[in-house]
Structure formats: structure tokens, C-alpha cells
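Q: I should like to learn how the architecture of a protein model is read, one feature at a time. Where should such a reading begin?

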Amino acid sequence: MSDDADLKTDVLVIGGGIMGCSAAYFLARAGVDVLLIDRHDLNTQGSGTNAGSIHVQIISRFFKSTDPLWVRGRAALLPLLKEAVSFWQRFAPELDDDVELRIGGGLMVAENETELRVLESKVAVERAQGVNSELLDRKQLEKLAPYLAPSVLGAELCPLEGKVNPIRATPAIARGAVRAGARIRRGVTLHSLNTDKSWFEAVTSIGRIRARRVVNAAGPWCNEVAAMVGLSIPLERHARNMSATEPVEPFVMHLIQHADQRLTLKQVSNGNLLLGGGWPAVIDPASGRANVIRTGISGGLWIATHVVPRIRHLRLIRAWSGILFFTPDGNPVLGEAPGVPGFFNAVGPNAGYTGGPLCGKLVAEAVTGQPLSFDVRSFDLQRFESRAA
Ligand SMILES: Cc1cc2nc3c(=O)[nH]c(=O)nc-3n(C[C@H](O)[C@H](O)[C@H](O)COP(=O)(O)OP(=O)(O)OC[C@H]3O[C@@H](n4cnc5c(N)ncnc54)[C@H](O)[C@@H]3O)c2cc1C
């Protein structure tokens, strides 16, 4: 696009990650005039640095949390993630690339009786929300996942879990959005937003953009964009580490997690094993970028080689880090903001890549005034305001 000083659009989307690109895709497909801006390139933040795990079952450290917000939040999140997986399965074939979506099941392993009991009660909570997870014993695991260490006594199997390739998926969604008529401008920073109730005026690094409606898909920085119109989205920002081994022939068929340790492990289509699970990285205060730290790499390697011993013989070829965020209950913030007509939040859940396309679609439905295909009332911003009050 040329650098025209006075841009005008019906809907301005802030953020070119999975949320912003998905919202732009579904808005453009609905015939809406949409302009997406990102201060960097597309897919360079959380969406392009994540592990590509398709998550449904509750991550064990979140399950153990006794914070009532997390306890209530996870009951609302399970049906959303379940729907998000089936949405990915319908959506991926629409895209112009193989995004390597594979739903082969996820195993959360336990190495002692305490961990097994945690998984047992987690299965009960998940089944009550319609997720068909089950507990497997050692014998069943030997058949299903012979690559697991002998120390693994049992595991929770969630058949809805799997993987997707974020490096292919977000750009494919962005291309689809452009084909449907969306405009995308990279390297454009939003500095401030003014509104007179019928129009928004966005002050950006390339000048002013006028828009009737705004979608806040700024991921870990969504609170800064919300603050521009006087809203508060409570969140914590963290940096997380990822590592990859050299590629080898396929032998790990599932998404692997641990009942008491930070671990996600999967083998991607070209044979690399990706190691993640929330090992810390650091945010450089000067640049705002995430930097890898040694303990993030060594911690991830320690637990991965412990659970899948064959990894010990592989070379680590790459480590990187990215920034993610948590709202106080780990859940998304979706829909039109209270008191700011025309301002829509598209803020994903903690498994934000899993939930991205569905949440983007739901926000597009809200913007265009269509009936929502999934009930998002428990994901409004007011839930945090009433807590603060
Ligand atoms: C290491 C790591 C591993 C993860 N693993 C998984 C996983 O396995 N499975 C899963 O489901 N989720 C995972 N996640 C979470 C997931 O990646 C994120 O929840 C999701 O990608 C967030 O998408 P987003 O579009 O909301 O935000 P982002 O992808 O972060 O995009 C936000 C965009 O907004 C732009 N922006 C911000 N402020 C402005 C501004 N003022 N002006 C212009 N542009 C702006 C940014 O430049 C950025 O491109 C992981 C995250 C990390 C970091």
C-alpha cells in the first residue's frame, strides 16, 4: 500500500498475530472494509514464536491452582477449547497451504501415585465439561507410546489435542484475508486512539487513520491499546523459552505434557522435536524483546530427555523465546467493550494459538452484529471490573 496520509476504513484491526489475522479474515469474508496494522511484521510475536500445540486438557499447574478465578475460569474454557479444535479442523482446509494440523491426541504423563491422583481428578473435571479424556495405565501406554521412559506409570489421554505449524498457519490466514479484500500494513505503530462515538481517530506512525470500529488484537499489549480508550484489561506478560532438536524419523506420535513439570514435547512434520511447556525467558526492558536464558533451555532439555530418553542422543539445533500473557483467570476477553461502542476486544485465552481462529471468527460476528456461533458471555471485560469493585 502507498503511504497515503489520510487512511479511512470501516474496521481497523490492531495486531497481526493469529487473533488479528483471523478477525480480519472473517470480517473481509463478510464483506466488511477492514484494515489491519502491526508495528512489526505479521506473526513475529506470540503467534510466530509459540509451540504450535493444540491444547484442550487443563495444564496441570493451572489445575492445581486454588485461586477461585482460575477454578471458575477453567470450567468456562474447556468447552471453548473443545470447539476451537473442531473449528481448526473445519477451517484449515479453507487455507491455501498445508498448515500441518494433526489431531493425534495428547498424553499428560505421571511418574508417581500423587501425580496419578491429580490426573484422575482432572479427568473427572474435564469429562463433566464434555471433554472425553481418560486415564491410561502403564500397560496401555507401552502399546500406545513405547517411546516413553519406564518411569512413566500412567497418563491422561486427551484425543482432541495435537499440533499445528504457526509459521505456515498465520501467513496463510493473512493471505486469505487479503484475497477477501482486507488491507494489511506492516510497520505501523498505533500511538493513541480518540473517539467521538461515531468515528475513531487512530494516531499512528504513518499518520491518522479514521475507522468506524476498532478491533484490539494486540496480544500481550492489548492492555496498552485498551488504555487508549480508558479501559483496563488486567494481565501479566511473561517471556517463555522454546527449543528444537535436529530432525529425525517420526517416533513421537502425541503431544506430551507432564503432570508435575513444565513440558510440552512434540515431533513436527519435518522431524524436529519441539520442547516447550513454559520454561522462562526474560523480557529485555530496553528493547521489549524476549531473550533466551540458559536455565530455560537446560530445564526444558532435562525434563524432555527424562520423559523421552531417546532425545538424549539428538542435537539441539535452535532455541528461541516469545512473549505471552495471562488474564487473571487465563481466559479470553471477547466482544464489544462496555461504555466504548465500536471498540471490540479480541484477546485470546492462555492457549491462544489453539483458540485464535475461533475467537477471531466470534469477534468478527460481534462486529457485524450476527448471532454468535458460541456463547462468549463469560468472556466479557466486565467480569474483571466487578472483581475490582
Ligand atoms: C513460547 C510460547 C509458546 C506458546 N505455546 C503455545 C501453544 O503451544 N499453543 C497455544 O495454543 N498457545 C501457545 N502460546 C500462546 C500463543 O502463542 C498466544 O496466545 C497467541 O499467539 C496470541 O496471539 P495474538 O494474535 O493475540 O498476539 P500476538 O501474536 O502476540 O500478536 C499481537 C500483535 O500486536 C502487535 N501490536 C501490539 N501493540 C501494537 C501497537 N500499539 N500498534 C501496532 N501493533 C501492535 C504486535 O506487534 C503483535 O504482532 C505460546 C506463546 C509463547 C510465547
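A: It begins with a convention: axes are lines fitted to C-alpha atoms, and angles run from 0 to 180 degrees between N-to-C directions. The model shown here is predicted. With that convention, helix 9 (residues 294-307) runs at about 55° to strand 12. Helix 9 lies across strand 4 (106-110), strand 12, strand 13 (255-258), strand 14 (264-267), strand 15 and strand 18.

Q: In what order do the strands of the open sheet follow one another, and how are they paired?

A: Strands of a sheet pair through backbone hydrogen bonds, either parallel or antiparallel. In this model 8 strands form an open sheet with mixed pairing, in the order 5-6-4-13-14-15-12-18. Strand 5 (134-137) and strand 18 stand at the edges; each has a single partner strand, so one side of each is left without a neighbour in the sheet. On average, neighbouring strands of this sheet are turned by 25° against each other, direction ignored. Within the sheet, strand 12 and strand 15 (residues 273-276) run antiparallel and are joined by 2 bridges. Ala244 stands opposite Leu274 in strand 15.

Q: Which strands are joined by bridges to strand 11?

A: Strand 1 (residues 7-14) runs parallel to strand 11 (residues 207-216), and 7 bridges join the two. Thr9 stands opposite Ala211 of strand 11 in this arrangement. Strand 10 (residues 200-204) is antiparallel to strand 11, with 5 bridges between them, and a hairpin connects these two strands through 2 residues. Glu201 has Arg210 in strand 11 as its bridge partner. Strand 20 (residues 343-347) runs parallel to strand 11 and is joined to it by 3 bridges; here Val214 has Phe343 as its bridge partner.

Q: At what angle do helix 4 and helix 10 cross, and which residues meet?

A: Two packed helices are described by the angle between their axes and the distance between the axes. The axes of helix 4 (residues 68-91) and helix 10 (residues 352-367) cross at roughly 75° and come within 8 Å. Angles of 65 to 115 degrees count as roughly perpendicular, and helix 4 and helix 10 are therefore roughly perpendicular to each other. From helix 4, Leu80, Leu81, Glu83, Ala84, Phe87, Trp88 and Phe91 meet Thr354, Gly355, Pro357 and Leu358 of helix 10. By class, the residues of this contact are 8 nonpolar, 2 polar and 1 charged.

Q: Which residues come nearest to the ligand, and which element gives the most to its shell?

A: Gly15, Gly17, Gly219, Gly322 and Gly352 come nearest of the 42 residues around the ligand. Helix 10 gives the most to the shell, with 4 residues. Elements that each supply at least two residues include helix 1 (18-29), strand 2 (34-38), strand 12 (236-245) and strand 18 (316-326). The shell divides into 16 nonpolar, 23 polar and 3 charged residues.

Q: How are the domains assigned, and how many residues does each give to the contact?

A: The assignment gives domain 1 (7-48 + 167-234 + 330-388) and domain 2 (106-159 + 236-326). The C-alpha centres of domain 1 and domain 2 lie 30 Å apart. Their contact takes 6 residues from domain 1 and 6 residues from domain 2. On the side of domain 1 that touches domain 2 there are 1 nonpolar, 5 polar and no charged residues. The shell around the ligand draws at least three residues from each of domain 1 and domain 2.

Terms used
Residues are numbered from 1 along each chain as its sequence is written. This is a predicted model: local features need pLDDT of at least 70, side-chain atom pairs count only at pLDDT 80 or more; totals for chains, interfaces and linings use all residues. Angles under 35 degrees count as roughly parallel, over 145 as roughly antiparallel, 65 to 115 as roughly perpendicular and the rest as oblique. Two residues are in contact if their C-beta atoms, placed from the backbone, lie within 7 Å. Ala, Val, Leu, Ile, Met, Phe, Trp, Tyr, Cys and Pro count as nonpolar, Asp, Glu, Lys and Arg as charged, and the others, Gly among them, as polar. A residue is near a molecule or strand if its C-beta atom, placed from the backbone, lies within 6 Å of it. Domain bounds come from an automatic or database domain assignment. Two strands pair if DSSP finds at least two bridges between them.
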